[in-house]
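User: I'd like to go through the pockets in this one. Can you take me through them step by step?

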Amino acid sequence: MLPWQKPKSKEEEPKVDELLQKIFNSPSYKLAIEDKDFLLSDEARGVRLQLDYLKPEIIMKKFGIKNTIVVFGSARVKENNTALKELEKIKKELEKKPSKELLKKLRIAESMVEKSIYYEEAREFGRLVGKYKGTHNNEVVIMTGGGPGIMEAANRGAYEVGAKSIGLNIQLPHEQFPNPYVTPELCFQFHYFATRKMHFLERAIALVVFPGGFGTLDELFETLTLIQTRKNKKIPVVLIGKEYWQKLINFEMLVSHGMIDKEDLKIFVYKENAKDAFEYIKNWYENKKEMG
């Protein structure tokens, strides 16, 4: 309180302390930035969206982040050793007490062992991008959702070659820990999916998508839609694991039913491994003479 800020004298108003205390206790008197109830109200959602976007934006500018390659994929894919241990554990449980539920878990565990190859490919992709310096020493940085699985693998690869990488974590009812390989100064936590998605694409010069579930599909289809509708500039979009994607999505059916144009199928390509994906992205830009 400033020196000239004095309450009304008690001579003028004997109940001044009591009356002022009621005002001080009123939520309406709190500064807006100190009023948590106000900040978390429905009416302040626009402000929260702006803050959710602004904080990472300022920090990424501070660290000179201009070009990112975004990696999407399942949080459930595990390292090979971990997947094998879980498979062996279920096999032992099944031997002791067979059940349909355990058989179902066994099939999923076997599938996860097969999928663990994608963890290593994402890790290798992180290494390749982390080591890339570009023709103009213009750094390209890996960006992921910052969680486990494929996200962890890509961040880990960058970490292993001493490169920085970005993680865009998000608050979820079941808390999602950031993976430990994200550069600490570039690990962000979002409340809104919308602002998180904006940051995924804002600096993206390429998108690499490994097998995944709803979240991965949501992120992939948003990117495809934005490129198709020219809301986003055209960038290389690489789907890793042709067999998985063609079994999951019948893109040709969309063409045959007139739901998309055949030309739209050129927005993305299939590749089988990290090396081929990175070479494709480099060639794409070398033809345009823009990357790095």
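Analyst: Sure, one bit of vocabulary before we start. Ala, Val, Leu, Ile, Met, Phe, Trp, Tyr, Cys and Pro count as nonpolar, Asp, Glu, Lys and Arg as charged, and the others, Gly among them, as polar. Also keep in mind that this is a predicted model.

User: How do the residues lining the second largest pocket divide into nonpolar, polar and charged?

Analyst: That pocket holds about 400 Å³ of space, and 16 residues line it. Arg48, Leu51, Asp52, Gln189 and His191 are the ones nearest its centre. The lining splits into nine nonpolar, three polar and four charged.

User: Which element gives the largest share of that second lining?

Analyst: Two elements give two or more residues to the lining of the second largest pocket: helix H3 (45-62) and strand S4 (187-190). The largest share is six residues, and it comes from H3.

User: What about the largest pocket: which element gives the most to its lining?

Analyst: The largest pocket has a volume of about 1100 Å³. Helices H4 (80-96), H5 (100-131), H7 (193-202) and H8 (214-228) are the elements that each give two or more residues to its lining. The top contributor, with six residues, is H5.

User: How many residues in the lining of the largest pocket are charged?

Analyst: Its lining has 38 residues, with Ser74, Ala75, Arg76, Gly213 and Phe214 nearest the centre. Of the lining residues, 18 are nonpolar and 10 are polar. The charged ones number 10.

Technical notes. Residues are numbered from 1 along each chain as its sequence is written. This is a predicted model: local features need pLDDT of at least 70, side-chain atom pairs count only at pLDDT 80 or more; totals for chains, interfaces and linings use all residues. Side-chain values use heavy atoms; hydrogens and water are left out. On a 1 Å grid over the protein atoms alone, a cavity is a set of points where a 1.4 Å probe fits but cannot get out, and a pocket is an open set with protein on both sides within 12 Å along at least five of seven lines; lining residues have an atom within 4 Å of a point. Grid points are joined across faces, edges and corners, and a volume is the space filled by probe spheres set on the points. Helices (H or I, at least four residues) and strands (E, at least two) are DSSP runs, numbered from the N terminus.
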